[in-house]
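User: Could you take me through one part of this model in some detail? I'd like a close look at the helices of one chain and how they sit against their surroundings.

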Amino acid sequence: MIRLSIPFRQALSKLTLPVLIAGAFGLLLLGKADTVVMQRARMALADVLAPVYGLLSEPLSSVRNGVDNIRHLFTLYEDNARLRQENERLRQWQAAAQALDVENTALKANLHWIPDPAPSYVTAHVVADAGGIYARAVLLSIGPGTPVVKGQVALDDRGLVGRVTELGSRSARVMLITDISSRVPVVLENSRAHAVLVGNNGAHPRLMFWPEGSPPVEGERVTTSAEANAFPAGLPVGVVHYTSGKVAELVPYAQLDRLEMVRLFDYGMRGVLPPEATSSKPGSEVKK
Amino acid sequence: MRARRLAGIRQHATAARRLDVVARMSFPTITTAALLLLLAAPLGLPGQAQWQQAGALCCVFFWGLFRPASMPPLAVFLLGVLADLLDYAPLGLTVLTFLLAYGLALRWRRGLTRLGFLLVWFAFISVAVASAALEWAATSLLSFHFLPVGDALLEAGIAIGLYPLLAIGLTRAHQTIADPDLA
C-alpha cells in the first residue's frame, strides 16, 4: 500500500472532490442526452438483481402474510360479518350476471357477432419496487426468452396496473398508472364520456379533460379507451371518487401498493404506436 | 497497540495483516453499498426508496466526518452511481448530493468531530434537508413536472430520524472493526 503523508492526502482529496462533482454534472448531462445508454445500464443491473430479489421475495412475502394472518385474527368477527353481507350482495349480482350472460350470448348469436380474439398473456412475479422517490414503477422478473415487448399492458387480478416501459433480458420495468408521467385515455362507463387519467405519484390518480356537461359521477366505473391506440378498450381501471376539495380522482381496482404478480397482455400491437416511440414517455401521445 | 505505534515500532506487514487493513479500510464503502442493495430488495417498507437514499446519505456523511480515509471521494461517487441506478433517479443526481454532503462533512470535520453528538446531528439535519431539496428541485427541473413536495419531506425526515440510530452502530464499528490501526 502506498503511504502518503497526511497533508498530501488532504491536498489530493481537495483536488479530487471538485473533479468528481464536475463528473456528476457530466453524468447528469449524459443521462439527459443519451437515455438509451442509461436505460441499458439500469436494465443490466436489474437483470443481475431481479433473480436474486426473486428468490428473496418468496420468504419475505410469506413473512408478510404471516403478519397479516395474525392481524386478521383480531378482526375475525367484523370480517365475518362484513363478508357475509358482501356474499349476499354478490349472490344477487351473480344471478343478474348469469341472466345477462345468457341474454348477451343470445343477442350476439342473432347479430352474427365476430368475437374478439383472446389475447395471449404471460404472468410474471413482481420482484421489487423500481420507482425510486419520484416515480412509481415495479420490476418484474421474466425468464430469458419470454415474449415480452415494450408497451405491453400489465394487469393484476383486479384491474389495470400499467405498461412495460423498459426491458432487459431477465427483467422488465412496468410504469404504474399512478406515476407522475403516466397518461391513460379512459371512458366513464355511465356517460361513455372520454377522459384522461393523469398520474400524480400519489395513490389516487386524477381524472382530467372530460367533455363539458358530463362530469364523472362519484362511484362511476372507469375503463380504458382505445383512443390513442395505446390500450384496448374496456379494461377495468377503477372507480371515481371526489376528494373533499371537489377534485375528481380515481381509486384503482388494482392493488398497486402490494403487487405480487401481474399478467402482461399482448394485444398484438395492432395500430399501437411503435414501442420505441412510446417507451420514453408512455401515453404522452394523448396529451393534447 | 496505539502506544506501540507511537513509539515508532511498526508491526511486520504480513500478507494477512495487509489483507486485514484493506478489509477494515473498505468496511465503510462495502457496508454502505450493502445497505443500498438491501433496501432495494422487496421488503415492502412504506417509502422504501426514501429509506434507501436516506440510509446511504447518513453513512456517507458519517464516514466523511469521522473516517474519510476509509471512504475516499471516488467511493462516494461510485456509491452515488449505484444508488442512482437502483433508484431510477436521473443518473448523476444522487452522485452530486452524496459528494456535496461528503464535501461538507470534510469541511466541518475539524470543528465538528470535537463537539458532542447533538451538534453533529444538527449539522446533519441541515445536510439532509439541503440534499432532499436539491434532489427535489433537480428532478422537477429534469422531468418538467412540479413533483410532490411530500416525497422530499419524507426523505429528509427519514434521514434525520435514522441518523442517530445508524450513528450508534457506525460509531461502534468506527472504533472497532473499521479501524485499520487495530489490524
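How many residues of chain B are in contact with chain A? And please go on from there to the helices of chain B.

Analyst: Happy to. One thing to keep in mind from the start is that this is a predicted model. In it, 35 residues of chain B are in contact with 36 residues of chain A. On the chain B side, at least two residues come from each of α3, α4, α5, α6 and α7. The largest share belongs to α4(B), which supplies 6 residues. By class, the chain B side that touches chain A has 21 nonpolar, 10 polar and 4 charged residues.

Since α4(B) gives the largest share of that side, let's begin there. This helix covers residues 73-87 of chain B. Its 15 residues reach 21 Å from the first C-alpha to the last, close to the 21 Å expected at 1.5 Å a residue. Of those 15 residues, 12 are buried, so α4(B) is largely enclosed by the rest of the structure. The buried set includes Pro73(B), Val76(B), Phe77(B), Gly80(B), Val81(B) and Leu85(B). Two acidic residues, Asp84(B) and Asp87(B), are buried as well. Just after the helix, Tyr88(B) takes a positive phi of about 55°.

Now for a partner of α4(B) within chain B. The axis of α2(B), residues 15-39, comes within 10 Å of the axis of α4(B), and the two cross at roughly 5°. An angle under 35 degrees counts as roughly parallel, and that is why α2(B) is described as roughly parallel to α4(B). From α2(B), the contact is made by Thr29(B), Thr32(B), Ala33(B) and Leu36(B), while α4(B) brings Ala75(B), Leu79(B), Leu82(B), Ala83(B) and Leu86(B). Sorted by class, this contact has 7 nonpolar and 2 polar residues, with no charged ones. Among the α4(B) residues that are buried are Ala75(B), Leu79(B), Ala83(B) and Leu86(B), and each of these also takes part in the contact with α2(B).

Next comes α6(B), which also supplies at least two residues of the side that touches chain A. This helix has 27 residues, 117-143. At 1.5 Å a residue α6(B) should span 39 Å, and its end C-alpha atoms are 38 Å apart, which agrees. Its buried residues are Val120(B), Phe124(B), Val127(B), Ala128(B), Ser131(B), Ala132(B), Glu135(B), Trp136(B) and Thr139(B). These pack against three helices of chain B: α3 (48-66), α5 (93-112) and α7 (149-175).

The packing of α6(B) with α3(B) can be followed residue by residue. Their axes come within 11 Å and cross at roughly 130°, which makes α3(B) oblique to α6(B). The crossing is right-handed. Leu57(B), Phe61(B) and Leu65(B) of α3(B) meet Val120(B), Phe124(B), Val127(B), Ala128(B) and Ser131(B) of α6(B). By class, this contact has 7 nonpolar residues, 1 polar residue and no charged ones. The five α6(B) residues named in that contact, Val120(B), Phe124(B), Val127(B), Ala128(B) and Ser131(B), also appear among the buried residues of the helix.

What happens just past the end of α6(B)? There Phe144(B) takes a positive phi of about 55°. Most residues other than glycine have a negative phi, and Phe144(B) is a residue other than glycine with a positive value. It lies in the loop between α6 and α7 of chain B. Phe144(B) counts as exposed because it has 7 C-beta neighbours inside 10 Å, and the cut-off for exposed is 12 or fewer.

Beyond that loop, α7(B) gives one more place to look. Leu165(B) is found in this helix, and Leu165(B) is exposed, with 11 other C-beta atoms within 10 Å. Leu165(B) and Cys58(B) are 107 residues apart in sequence, yet their C-alpha atoms are 9.9 Å apart in space.

To draw the picture together: α4(B) is largely enclosed by the rest of the structure and roughly parallel to α2(B). Meanwhile, the buried residues of α6(B) pack against α3, α5 and α7 of chain B, with α3(B) oblique to α6(B).

Technical notes. Residues numbered from 1 in each chain as written. Chains lettered and ligands numbered in written order. Predicted model: local features only at pLDDT ≥ 70, side-chain atom pairs only at ≥ 80, totals over all residues. Helix = DSSP H or I, 4+ residues; strand = E, 2+ residues; numbered from the N terminus. Expected span 1.5 Å × (residues − 1). Buried ≥ 20, exposed ≤ 12 C-beta atoms within 10 Å, placed from the backbone. Contact = placed C-beta atoms within 7 Å. Axes fitted to C-alpha atoms, helices over the stretch in contact; angles between N-to-C directions. Parallel < 35°, antiparallel > 145°, perpendicular 65-115°, else oblique. Nonpolar A, V, L, I, M, F, W, Y, C, P; charged D, E, K, R; others polar. Left-handed = near helix turned anticlockwise from the far one by under 90°.
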